[in-house]
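Colleague: Please take a close look at the salt bridges in this model. Which residues do they join, and where do those residues sit?

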Amino acid sequence: MEKKKKGVRLEHISKIYNDPKTGKEFYAVQDANLDIEPGTFVTLLGPSGCGKTTILRMIAGFESPDEGEVYMDDEAINSLTPNKRDTAMVFQSYALLPHYNVFDNVAYGLKIRKLPKDEIREKVLDILKLVEMEGMESRMTNQLSGGQQQRVALARALVLEPGVLLFDEPLSNLDAKLRVTMRTEIRKIQQKVGITAIYVTHDQSEAMSISDKIIIMSRGKVEQIGTPREIYYHPHSKFVADFIGEANFLDCQVVNTSGDTARIRVAGEEIEVANYVGAKTGDTASLVIRPEAAKLADQGVIQGTVTLSTFMGAYQYYQMSIGDMEVQITDYHPVNRRVYETGEKAYLDFDPAGVYIL
């Protein structure tokens with residue numbers, strides 16, 4: 001399969017809709033600026049209604065931006081219809097043709113392009129082999145499992161050799177275990193083909209596991225763009241920290257800052273932490289602690305009361321009350337370590353380099 005890599009650039013893109021209930025206009029997407037590099041796997045992530053699917057549809061040509069311009073490489077494509085854009089989409093519903101077998105579903109787009117029969121057959125068989133559906137060409141789609149139908153939908157998009165492959169929540173109809181398997185397969189195929197992929201999901205673990213970069217969206221705006229590691233360890237806002245994984249937010253006050261460190265007061269005690277984002281002396285802020293970055297100890301600085309202690313096999317899950325704040329703690333591999341019971345006093349222990357202030 002010929003490898004084409006194309007980048008996508010969005011410059012000040014906005015989409016305005018009219019609310020049928022109030023009659024007022026609102027921004028589904030507001031002033032979005034994105035630069036997606038060729039050959040990368042980028043995920044648009046956010047809660048329902050945040051604008052991620054609207055952005056995908058504007059790239060595909062199913063929606064037109066009210067403001068701004070969409071570029072593929074350096075070509076402005078706002079005025080191009082979907083069939084004139086070098087894209088292909090894998091839909092949430094698969095959109096397979098029920099009266100066609102696997103071969104004809106995959107070959108559909110090639111037949112529309114009026115390619116020679118021999119070339120169509122070669123391309124279809126090659127792509128079915130790539131998605132591990134070899135030998136199933138004559139099966140009808142209603143004879144396939146959900147995972148197999150997803151592979152056919154992926155093959156139908158890939159066989160067109162698009163410059164950019166678009167995914168609109170393609171795994172949401174599968175069960176949890178199959179979703180994990182299929183997202184791994186999609187990532188492997190994308191890397192093997194080398195295609196640019198833009199993927200929409202509201203599933204945080206899905207985005208973390210397959211993406212080169214994640215674009216976090218909220219209420220039509222881009223909140224943060226970065227690698228999964230950057231997004232998780234260095235969130236730019238409370239929304240991002242709370243949306244990716246789990247996080248504890250402890251109210252604190254910044255006593256002073258020096259270089260890369262800040263001294264803060266939390267629960268009446270002063271501690272020094274290594275990461276802070278724009279915090280200034282005297283500011284009220286939030287100390288962010290991931291549940292896996294903390295543990296309970298017999299000695300320390302910040303004391304609290306254990307309100308929940310649950311054995312989960314791979315980890316001991318705690319909830320701890322510190323003043324009027326509640327903290328979640330995930331203590332992995334608790335074997336041969338002391339387990340704190342509900343009602344016990346304990347200290348919250350954590351690596352100062354593993355927390356941050358927002």
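Modeller: What follows goes through the salt bridges, with a short look at the largest pocket at the end. The model is a predicted one, and the distances below are computed from it.

By the rule used here, the count comes to 15 salt bridges. One of them pairs Lys15 with Glu63, with 3.9 Å between the closest N and O atoms. This pair links distant parts of the chain. Lys15 belongs to strand β1, which covers residues 8-18, while Glu63 is in the loop between α1 (52-60) and β4 (67-72). The two residues are 48 residues apart along the chain. A salt bridge is counted when a side-chain nitrogen of Lys or Arg lies within 4 Å of a carboxyl oxygen of Asp or Glu, so the pair at 3.9 Å qualifies.

Next comes the question of whether these residues are buried or exposed. Residues under 20% relative accessible area count as buried. Lys15 has a relative accessible area of 9%, so Lys15 is buried. Glu63 is also buried, because its relative accessible area is 18%.

Glu63 has another partner. It forms a salt bridge with Arg57, and here the closest N and O atoms are 3.6 Å apart. Arg57 is partly exposed, with a relative accessible area of 31%.

Another pair is found elsewhere in the chain. Asp298 forms a salt bridge with Arg338, and their closest N and O atoms are 2.6 Å apart. Asp298 lies in the loop between β16 (294-297) and β17 (302-311), and Arg338 lies in the loop between β19 (325-332) and β20 (345-350), so this salt bridge ties together parts that are 40 residues apart in sequence. Arg338 is partly exposed, its relative accessible area being 42%.

Some salt bridges share partners. In this way Lys15, Arg57, Glu63 and Asp66 are joined into one network.

Now for the largest pocket. About 590 Å³ of space lies in it. The largest pocket is lined by 22 residues, and the closest to its centre are Thr87, Ala88, Met89, Gly109 and Leu160. At least two lining residues come from each of β6 (87-90), α2 (102-112) and α4 (146-158). Of the elements, α2 gives the most to the lining, with four residues. By residue type, the lining divides into 16 nonpolar, three polar and three charged residues.

Notes:
Residues are numbered from 1 along each chain as its sequence is written. This is a predicted model: local features need pLDDT of at least 70, side-chain atom pairs count only at pLDDT 80 or more; totals for chains, interfaces and linings use all residues. Side-chain values use heavy atoms; hydrogens and water are left out. On a 1 Å grid over the protein atoms alone, a cavity is a set of points where a 1.4 Å probe fits but cannot get out, and a pocket is an open set with protein on both sides within 12 Å along at least five of seven lines; lining residues have an atom within 4 Å of a point. Grid points are joined across faces, edges and corners, and a volume is the space filled by probe spheres set on the points. Ala, Val, Leu, Ile, Met, Phe, Trp, Tyr, Cys and Pro count as nonpolar, Asp, Glu, Lys and Arg as charged, and the others, Gly among them, as polar. Buried means under 20% relative accessible area, exposed over 50%, partly exposed in between (1.4 Å probe, protein chains only).
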